[in-house]
Amino acid sequence: MAKKKKTGKAKARIIRHRSRAKAGETLTQKVYINGKLLEKDNAKISIFDHGLLYGDGVFEGIRVYDRLIFKLKEHIDRLYASAQAIMLTIPMGKRQLVDAMIKTLKTNNIKSGYIRAIVTRGAGDLGLDPRKCRDNATVVIITDNVTLYPEKLYKDGLSIVTVPTRRNIPEAINSQIKSLNYLNNILAKIEAINAGVEEAIMLNQDGFISECTGDNIFIVKNQRLATPSVYCGVLNGITRGSVIDLANKAKIACGEEVLTRYDLYNADECFLTGTAAEIIPVVKIDGRIISIGKPGPITARLTRDFQLLTKVDGVRY
Ligand SMILES: Cc1ncc(COP(=O)(O)O)c(C=O)c1O
């Protein structure tokens, strides 16, 4: 019997069905833009948006562990604080924004993953003047998976280098502002990549350690944990805060200090913290092997405690 030719509509249905089956439960990814959930390919904003033209906007990256949004309040508060610092009005309240995030997570059937919340100044003209961005700021929420480094590096540790590009001075752009302009960090990242490693240590204007391009840095010396003070020009990382809390609970001494490269080279252990990276050990800095060149016991202990924390601490949806 001759097969009946399928109509365009039937074909489209089959393709949709197949793509659902192939990707398990994953439907086409939807992105939230100003109150609407749009298919990824149709999620577009104006090319006159000052977020694109000037990096004029703020963002947050948040992790979700098995339907628990980790440190949600801290991330939301930081987003609104960044916006306040650049005189950007987020056109919705915190509760409304959280509801939009949860809706986006549920629509994309994300159980564990990552939320990127972005607020841009909105569309204006080609000049810098933010007053020309007359419509409300643009609010974008993307939910997805994120893997910053391969699993092997969590086991074996990272090799990192200090780079020539200095961290922005707070009087120019305060490191607490998570702005859409990451060029300072990107230049440092390029220098790390050129040196054949994955991550860069940025010094501040005075030559002291500040942070890495997307992570905070910690060392352990004589059973004591130390991380650069916020006044050294570092982002007051939320993972950094969690690690300090965990160290206090575990009765591991911990201080916010002024650190030099010498302190790093002579550390017993070193690791980085960040929402995307979580906790990753460092075993080599500027060609110097740190201690025995293997992730250390305090790093392992804090990593375990952090993993346990992500299972219980968070807002459930
Ligand atoms: C420059 C910089 N430092 C540190 C961090 C780590 O901060 P958090 O732990 O809040 O993700 C980030 C991540 O956003 C960052 O971009």
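# A guided tour of the two domains and the ligand shell

Begin by selecting I33, whose bridge partner in strand β6 is V140. Keep in mind throughout the tour that what is on the screen is a predicted model. Now widen the selection to the two strands concerned, β1 (residues 30-33) and β6 (residues 138-144), which run antiparallel and are joined by 2 bridges.

From this pair, extend the selection to the whole sheet, an open one of 7 strands with antiparallel pairing, and follow the strands across in the order β2-β1-β6-β5-β3-β4-β16. Which strands stand at the edges of the sheet? They are β2 (36-39) and β16 (315-316), and each of them has a single partner strand, so one side of each is left without a neighbour in the sheet. As a reminder of what holds such an arrangement together, strands of a sheet pair through backbone hydrogen bonds, either parallel or antiparallel.

Next, add the helices. Helix α3 (residues 72-85) packs on the sheet, where it touches β3 (57-65), β4 (68-69), β5 (113-120) and β16, and its direction makes about 175 degrees with that of β3. Then select helix α4 (residues 94-107), which lies across β1, β2, β3, β5 and β6 and runs at about 40 degrees to β6.

Now step back and colour the chain by domain, with domain 1 covering 29-144 and domain 2 covering 151-315. The centres of the two domains, taken over C-alpha atoms, are separated by 26 Å. To see where they meet, look for the contact, which takes 23 residues from domain 1 and 15 residues from domain 2. On the side of domain 1 that touches domain 2, β3, β4 and α3 each supply at least two residues, and β3 gives the most, with 8 residues. Sorted by class, that side of domain 1 has 10 nonpolar, 7 polar and 6 charged residues.

Turn next to the ligand and select the 14 residues around it, of which G237, I238, T239, G274 and T275 come nearest. Two or more residues of this shell are given by each of the elements α7 (238-249) and β13, and α7 provides the largest share, namely 3 residues. By class, the residues of the shell divide into 2 nonpolar, 9 polar and 3 charged.

Three single residues complete the tour. Select N266, which lies in the loop between α8 (261-265) and β13 (269-274). Is N266 buried, exposed or partly exposed? With 13 other C-beta atoms within 10 Å, N266 is partly exposed. Add K221 to the selection and draw a line between the two C-alpha atoms: N266 and K221 are 45 residues apart in sequence and 8.0 Å apart in space.

Move on to K251, in the loop between α7 and β12 (254-257). The phi of K251 is near 60 degrees, a positive value in a residue other than glycine. K251 counts as exposed, because it has 7 C-beta neighbours inside 10 Å, and a residue is called exposed when there are 12 or fewer.

Finish at E278, which has its place in strand β14 (residues 278-285). E278 has a positive phi of about 65 degrees although it is not a glycine. Is E278 buried or exposed? It is buried, because 21 other C-beta atoms lie within 10 Å, and the cut-off for a buried residue is 20 or more.

Note on methods: Residues numbered from 1 in each chain as written. Predicted model: local features only at pLDDT ≥ 70, side-chain atom pairs only at ≥ 80, totals over all residues. Pairing = 2+ DSSP bridges. Helix = DSSP H or I, 4+ residues; strand = E, 2+ residues; numbered from the N terminus. Contact = placed C-beta atoms within 7 Å. Axes fitted to C-alpha atoms, helices over the stretch in contact; angles between N-to-C directions. Domains from an automatic or database assignment. Nonpolar A, V, L, I, M, F, W, Y, C, P; charged D, E, K, R; others polar. Near = placed C-beta within 6 Å.
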